[in-house]
Amino acid sequence: MAESIISEGKTTNEAIENGLKKLKVSKKMVDIKVLENEDKRSFFSILAPRVVKVELTVKEENKEKEIRTKREIILSEEEQKQAAENVEKFLNELKTSLLKEVEYKIKKTKTGLNVELNSKELGFLIGYRGETLYAMQNILCSIAGKGIQNRVRVILDIEGYKAKREKTLEDLAEKVAKTVVKTRKPVKLEPMQAYERKIIHSKLQNNNKVETISLGEEPNRRIVISLKNK
């Protein structure tokens with residue numbers, strides 16, 4: 001049965017946003033039905049507090065999609081070997097033409113590869129907030145999967161950037177959570193990659209005072225940290 005809730009607010013938009021926070025989903029993942037509209041108010045109710053009620057129902061296809069994405073594709077040893085050889089060939093060609101001093105490590109996993117690149121000057125391959133790094137990671141995924149039927153997952157790190165970024169985001173999560181508790185007002189963070197949003201969610205998932213929800217569409221999807229409703 002589809003998950004459904006009734007949410008309230010002073011306006012239709014506010015009621016919808018309140019419901020999305022409770023369900024922890026984006027607007028495109030629900031069907032919305034307005035139960036009480038702020039425009040339909042009688043003369044006798046004009047002095048009463050304005051309350052709009054909406055019913056939000058999570059679309060069934062989103063639940064199915066969530067289940068599918070949680071299933072990891074396990075690669076055979078032969079597929080892991082082929083994927084590693086594909087990436088190694090590409091990186092060797094990259095070293096010959098552009099990055100002669102770069103050192104790399106490739107670790108095979110059941111779902112794909114972990115790739116590390118190290119050199120003194122690879123900042124240009126990281127880019128602003130890791131944008132170039134993630135773009136290159138996508139390229140490596142395509143290269144690793146050549147000749148392989150299953151999808152190969154590649155996790156790329158450059159000069160330990162991800163570990164440093166993870167620490168920065170965890171510190172940010174704690175700092176903003178304290179601000180939310182102190183001011184009692186929600187805080188909307190800047191747009192982040194899915195990998196980075198997951199770090200924020202994980203850091204605050206056991207916090208008994210605040211909650212997190214992702215809102216918006218890629219690439220502008222961002223996290224909102226707010227007080228928990230008690």
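## Getting started

Two strands count as paired here if DSSP finds at least two bridges between them. Keep that cut-off in mind for strand 7 and strand 9 (residues 222-227), which pair in the antiparallel sense over two bridges. One more thing before the tour: what you're looking at is a predicted model.

## The 7-9-8 sheet

Let's stay with those strands for a moment. They belong to an open sheet of three strands, in the order 7-9-8, with antiparallel pairing. Strand 7 and strand 8 (210-215) sit at the edges with a single partner strand each, so one side of each has no neighbour in the sheet. If you want a spot to look at, find K188, which stands opposite V224 in strand 9.

Which helix lies across this sheet? Helix 5 lies across strand 7, strand 8 and strand 9, and runs at about 40° to strand 9.

## A loop residue called P186

Just before strand 7 there's a loop worth a visit. P186 is found in the loop between helix 5 and strand 7 (187-188). Which residues does P186 touch, once you leave aside its neighbours within four places in sequence? Its contacts are K21, V224, I225 and S226.

Take S226 from that list: P186 and S226 are 40 residues apart along the chain, yet their C-alpha atoms are separated by 4.2 Å. V224 is a familiar name too, as the residue in strand 9 that K188 stands opposite.

## Helix 5 and helix 6

Helix 5 has a helix to meet as well. The axes of helix 5 (residues 161-183) and helix 6 (residues 194-204) come within 9 Å of one another, crossing at roughly 50°. That angle makes helix 5 oblique to helix 6, and their crossing is right-handed.

Who does the touching? From helix 5 you get Y161, K162, R165, E166, L169, E170, A173, E174 and A177, and from helix 6 they meet Y195, E196, I199, I200, K203 and L204. Sorted by class, this contact has eight nonpolar, no polar and seven charged residues.

## The 4-5-6 sheet

Now for another open sheet, made of three strands in the order 4-5-6, this time with mixed pairing. Strand 4 (103-108) and strand 6 (153-158) are the edge strands, each with a single partner, so each has one side without a neighbour in the sheet. From one strand to the next, the twist averages 15°.

What does "mixed" look like here? Strand 4 and strand 5 (residues 112-118) pair in the antiparallel sense over six bridges, while strand 5 and strand 6 pair in the parallel sense, over six bridges. You can pick out an example of each. For the antiparallel pair, K105 has E116 in strand 5 as its bridge partner. For the parallel pair, L117 has I158 in strand 6 as its bridge partner.

How does the chain get from strand 5 to strand 6? It goes through helix 4, in a β-α-β crossover that is right-handed. Helix 4 (residues 131-144) lies across strand 5 and strand 6, running at about 140° to strand 6.

## Helix 3 and helix 4

Helix 4 also has a helix partner. The axes of helix 3 (residues 77-97) and helix 4 come within 8 Å and cross at roughly 125°. That makes helix 3 oblique to helix 4. As for handedness, helix 3 passes helix 4 in a right-handed crossing.

On the helix 3 side, A83, N86, V87, F90 and L94 are involved, and they meet M136, L140, I143 and A144 in helix 4. What classes of residue make up this contact? Eight are nonpolar, one is polar and none is charged. Go back to helix 5 and helix 6 and you'll find seven charged residues in their contact.

Notes:
Residues numbered from 1 in each chain as written. Predicted model: local features only at pLDDT ≥ 70, side-chain atom pairs only at ≥ 80, totals over all residues. Heavy atoms only, no water. Helix = DSSP H or I, 4+ residues; strand = E, 2+ residues; numbered from the N terminus. Axes fitted to C-alpha atoms, helices over the stretch in contact; angles between N-to-C directions. Contact = heavy atoms within 4.5 Å. Parallel < 35°, antiparallel > 145°, perpendicular 65-115°, else oblique. Left-handed = near helix turned anticlockwise from the far one by under 90°. Nonpolar A, V, L, I, M, F, W, Y, C, P; charged D, E, K, R; others polar. Right-handed = clockwise from strand over helix to strand, strands pointing away.
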